[in-house]
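User: I am new to this structure and would like a close look at one residue and its setting. Please then set it beside other parts of the chain.

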Amino acid sequence: MHFDTLALQATHQQDPATGAVVPPIHLSTTFERNEAHELPGNYLYARPNNPTREALERSLATLEGGTTGIAFSSGQAATMTLFQALRPGDHVVLAHDGFYGTTSLLETVFHPWGLTYTRVDMRDIEAVRASIHENTRIVWVETPSNPTLTIVDLLTITRIAHDGGALCVCDNTWATPVLQRPLDLNCDIVMHSTTKYLSGHSDVIGGALIFRRNDAFTQRVRQLQSISGAVPSPFDCWLVMRGLKTLGVRVRAQTATAQAIAEFLDGHPMVEQVNYPGLANHPDRQLIKQQMNGPGAMLSVHITGGAEEALRVLSRLRLFRRATSLGGVESLIEHRASVEGPTTTTPANLLRLSIGLEHPDDLIMDLARALTSA
């Protein structure tokens, strides 16, 4: 099936009691036993499992081509639980330019606990290979990366990880299963911040892990989800399910607009560099064609004149909303270095754009006015 059909089929779980096309939200925190002290269903208490959450987890597994989905209260909760499934003394390899929150978790929480990690440029295959040790358990990939949109060769990195006895985990938040399915490229686990494109309306926080195999490690993560309680509410799960129904339509429309904006910005005298996988002059164009079905709706630009000019451009925009996050129906822009703080490695003149569903001509006009008056 095409993705749009698959998304609707995966999220259409008819209520057997009423025949409702839209499944109900099961808000109950506890479930009653019968006179024989037996549970009529498989539910005891809402922290270990809940019918609405299970419906979301099945849908996510289907869309990513995995066997098991596990939903969390945020993307960071999903990442944290995965690292908790490791042991003190284990080692993680991750990209040097990915989401700063992943590195912050490792440095602030897990390094003192006994987990070690190495940051590496994952475009340098030999550097990745040299970073894997006997105790390496996870190679964490993010492609396209946040915020520079670096593209990583998933097939090659996964092979190196497996040769070293490690699992390959891909943060697929930016690409979504509409544009990229890492499990089809031999990755073991996919992570999503469902806050972003999967829910798509900037009104719910959530995260998920999708596993290629339902093995002992998967069950350990499931156990930690239940014990730690970092689970989404039933209503949050329902909102993400609703967002999944329109995911393909939204992402394709947002991608088309992002392409037009990237082409407008590329070569603009106020722009030093555009980071966008859809540009014809992108150095990894062949790799992008091999592992992605489109370049996505995220881009970043380096403004000529440094941080001061970048902030001035930011202040003059009228349609773009100056806000953190991404993947919603509204277009957002932010000065990423300011958000990440004093330890950031993001260039000071970089602005990150999340393209929404406004008309491309209007967004381009807004950018043109802000860049001209800057």
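What is the relative accessible area of Asn50, and is the residue buried or exposed?

Analyst: The model is predicted, so local features are described at a pLDDT of at least 70 and side-chain atom pairs at a pLDDT of 80 or more, while totals for chains, interfaces and linings use all residues. Residues are numbered from 1 along each chain as its sequence is written, and side-chain values use heavy atoms, with hydrogens and water left out.

Asn50 is buried, with a relative accessible area of 2%; buried means under 20%, exposed means over 50% and partly exposed lies in between, using a 1.4 Å probe and protein chains only. The residue sits in the loop between helix 1 (3-11) and helix 2 (51-64). Helices here are DSSP runs of H or I with at least four residues, strands are runs of E with at least two, and both are numbered from the N terminus.

The side chain of Asn50 makes two polar contacts with the backbone. One reaches the backbone oxygen of His26 at 2.9 Å, and the other reaches the backbone nitrogen of Arg53 at 3.1 Å. A polar contact is a pair of N or O atoms within 3.5 Å; within protein, one must be able to donate a hydrogen and the other to accept it, and residues adjacent in sequence count only if both atoms are side-chain atoms. Leaving aside neighbours within four places in sequence, Asn50 is in contact (heavy atoms within 4.5 Å) with His26, Ser28, Tyr43 and Pro234.

Beyond helix 2, Gly66 occupies the loop that leads to strand 1 (68-72). Gly66 is partly exposed, at 21% relative accessibility. Not counting residues up to four places away in sequence, Gly66 touches Ala61, Leu183, Ile210 and Phe211. Its C-alpha atom lies 9.6 Å from that of Arg181, although the two residues are 115 apart in sequence.

Another loop, between strand 6 (189-192) and strand 7 (207-211), contains Lys196. For this residue, an unreviewed UniProt entry gives the feature "modified residue: N6-(pyridoxal phosphate)lysine"; such positions are given in the numbering used here, feature names are shortened, and annotations may be inferred rather than shown by experiment. Lys196 is buried, with a relative accessible area of 17%. Its side chain forms a polar contact of 2.9 Å with the side chain of Ser193. Apart from residues up to four places away in sequence, Lys196 touches Thr173, Ser325, Leu326 and Gly327.

Leu198 belongs to the loop between strand 6 and strand 7 as well, and is buried at 3% relative accessibility. Among its contacts beyond four places in sequence are Leu60, Pro177, His192 and Val240. The C-alpha atoms of Leu198 and Lys245, 47 residues apart along the chain, are separated by 9.1 Å. Ser202, also in the loop between strand 6 and strand 7, is partly exposed, with a relative accessible area of 45%.

Backbone geometry adds a further point. Most residues other than glycine have a negative phi, and most peptide bonds are trans. Ser202, which is not a glycine, has a positive phi near 55°. Leu149 has a positive phi of about 60° and is not a glycine either; this residue lies in the loop between strand 4 (136-142) and helix 6 (154-163). Leu149 is buried, at 4% relative accessibility.

The loop that holds Leu149 also contains Pro144 and Pro147. A cis peptide bond joins Thr143 to Pro144, with omega about -5°, and another joins Asn146 to Pro147, with omega about 10°.

At the far side of this loop, Asp153 caps the N-terminal end of helix 6, with a side-chain oxygen 3.4 Å from the backbone nitrogen of Leu155. The buried residues of helix 6 include Leu154, Ile157 and Ile160. The buried residues of this helix pack against helix 5 (125-131), strand 4, strand 5 (167-171) and helix 11 (285-291). Helix 6 is followed by Gly165, which has a positive phi near 80°.
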